[in-house]
Amino acid sequence: MTRQFLVCAAALTLWTSTASAQVSDDVVRIGVLTDLSSWGRDNSGPGSVEAAKMALEEFGPTVLGKPIEIISADHQMKSDVGIQIARNWFDAGKVDAVVDIPNSAIAIAVHNLAKDRNKIALLSGPGASTLTDELCSPNTVHFTYDTYALAKVTASAVVAGGGKSWFFITADYAFGNQLEQDATRFIKASGGTVLGGVRHPTNTADFSSFALQAQNSKAEVVAFANAGQDTDNSIKQSGEFGLVKGGQKLVGLLMFDTDVHAIGLDAAQGTYLTTASYWNMDDKTRAWSKKFFDRTKVMPTMIQTGVYGSVLHYLQAIKAAGTDDPAKVMAKMRELPIEDTFVHGGKLREDGRVIRDMYLARVKKPSESKEPWDYLDIVKTVKGDDAFRPVSESKCPLLKK
């Protein structure tokens, strides 16, 4: 009788566990919405797709006994294209979570759609800090960086180091304008001044007139509030016009390893930037990054390592929740600490902001680089609570409960 009771109890436990493990449509489908063909391709693009696949390989091919699928699409840096893809994915493609989304304007639109459709947005590519401020959503995870952290870490450090007067070269869209606005706040708070600035359309090839305006401003610091090929072209051409030789400091408010690679150390040397990750931090980051390099022929940017981390944390949360129900998964993502190759002791706040360490870096001189892709010196580690917007400053109603 005792043996029969134990067998029945075990069977009931197994049945209960299986019954409570619920996956919609019997598959967890993740859509990487990224830039595969435009000016942000190198910093996200195919590398973001590979990073998501590496997260899946690390986690395993199934969760709660159901398969995991990763699909991808190119939003071409066009808002109408991006929102249409996301709408089709959510309404007809049975996509549970959308990942990456470089370009803040597209990300804001998809972030709103994910809330309306009760899906999850795992954002690594966009930077607009409004996503977790007045626009915050219970369905969004802003995983990697934002304009607030980039501006605070970089501007505060550069002003403290003597760069008091600034001039901006800014991309004229949501991300660039937000980045300049955030940086201006911290420049002034640190005792610096902004002498002026100029805005340019995205995907600009000729920055000569902008570089000349920056040079003529006599500002001690020229800051680039742009991204992708715009950053590459603007910093490279500013170097060619002799801004650095003339004594001006260059600051890339959003700059990646791939940008330094494209610009070259001769033109980029001495530029300050803030990053959420770097491939050459320790043995684990080097091993992961070299595996990534074998697949992509470039070292990973923080956007790509953020795609990896956000997908891995999402899958771990589904496993812990016993379901892919968005509300329960988001609750688990907030409950579980974030631990992966590049993030240690991270946490997801109620407003959707992932609190993680950020790093102030300086681009090396050519003579300081010891191997390919050895581009950055990590000057300072800034704890997440000090880098990102504090709760006391937030306009997010989710933090007011």
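1. In what order do the six strands of the open sheet come? The order is β2-β3-β1-β4-β5-β6, and the pairing in this sheet is mixed. Two of these strands sit at the edges, namely β2 (62-63) and β6, and each of them pairs on one side only. Please keep in mind as you read on that this is a predicted model.

2. Let's look inside that sheet. Strand β1 (residues 28-34) runs parallel to strand β3 (residues 66-74), and seven bridges join the pair. If you would like one spot to find on screen, try G31: its bridge partner in β3 is I71. As background, strands of a sheet pair through backbone hydrogen bonds, either parallel or antiparallel.

3. Now turn to strand β9 (residues 221-225). How many of its five residues are buried? Five of the five are, so β9 is largely enclosed by the rest of the structure. You can check this face by face: V221, A223 and A225 are buried on one side, while V222 and F224 are buried on the other. Both faces of the strand are therefore covered, with "buried" meaning under 20% relative accessible area.

4. Which strands does β9 pair with? One partner is strand β7 (residues 165-171), joined to β9 in the parallel sense over five bridges. Here W166 stands opposite V221, a residue already met as one of the buried ones in β9. Another partner is strand β10 (residues 249-252), again in the parallel sense, this time over four bridges. On that side, V222 has L250 of β10 as its bridge partner. To get from β9 to β10, the chain passes through helix α8 (residues 229-240), and this β-α-β crossover is right-handed. Tracing that path slowly on the model is a nice exercise.

5. Next, the cysteines. The count comes to one disulfide, and C136 and C396 form it, with their sulfur atoms 2.1 Å apart. That distance fits the rule, because a disulfide is a pair of cysteine sulfur atoms within 2.5 Å. The angle about the S-S bond is 85°, and the link is right-handed. Where do the two cysteines lie? C136 is in the loop between β5 (120-123) and β6 (140-142), and C396 is in the segment after α14 (384-387), so the pair ties together parts that are 260 residues apart in sequence.

6. Are these two cysteines buried or exposed? C136 has 8% relative accessibility and counts as buried. C396, at 0%, counts as buried too. Both values fall under the 20% cut-off, which is why they get that label.

7. Finally, the enclosed spaces. A search of the whole structure finds two cavities of 30 Å³ or more. The largest has a volume of about 130 Å³ and is lined by 19 residues. Lying nearest its centre are P102, N103, G125, A227 and L254. By class, its lining has 11 nonpolar and eight polar residues, but no charged ones.

8. What about the second largest cavity? It holds about 40 Å³ of space. Its lining is made up of S129, T132, D146, Y148, R349, D351, R353 and R389. How many of these residues are charged? Five are, alongside two polar residues and one nonpolar residue. Put the two linings side by side and you have a good point for discussion: the largest cavity has no charged residues in its lining, whereas the second largest has five.

Notes. Residues numbered from 1 in each chain as written. Predicted model: local features only at pLDDT ≥ 70, side-chain atom pairs only at ≥ 80, totals over all residues. Heavy atoms only, no water. Buried < 20%, exposed > 50% of the residue type's maximum accessible area, 1.4 Å probe, protein only. 1 Å grid on protein atoms, 1.4 Å probe; cavity = no way out; pocket = protein on both sides within 12 Å on 5 of 7 lines; lining within 4 Å. Points joined across faces, edges and corners; volume = space filled by probe spheres on them. Nonpolar A, V, L, I, M, F, W, Y, C, P; charged D, E, K, R; others polar. Pairing = 2+ DSSP bridges. Right-handed = clockwise from strand over helix to strand, strands pointing away.
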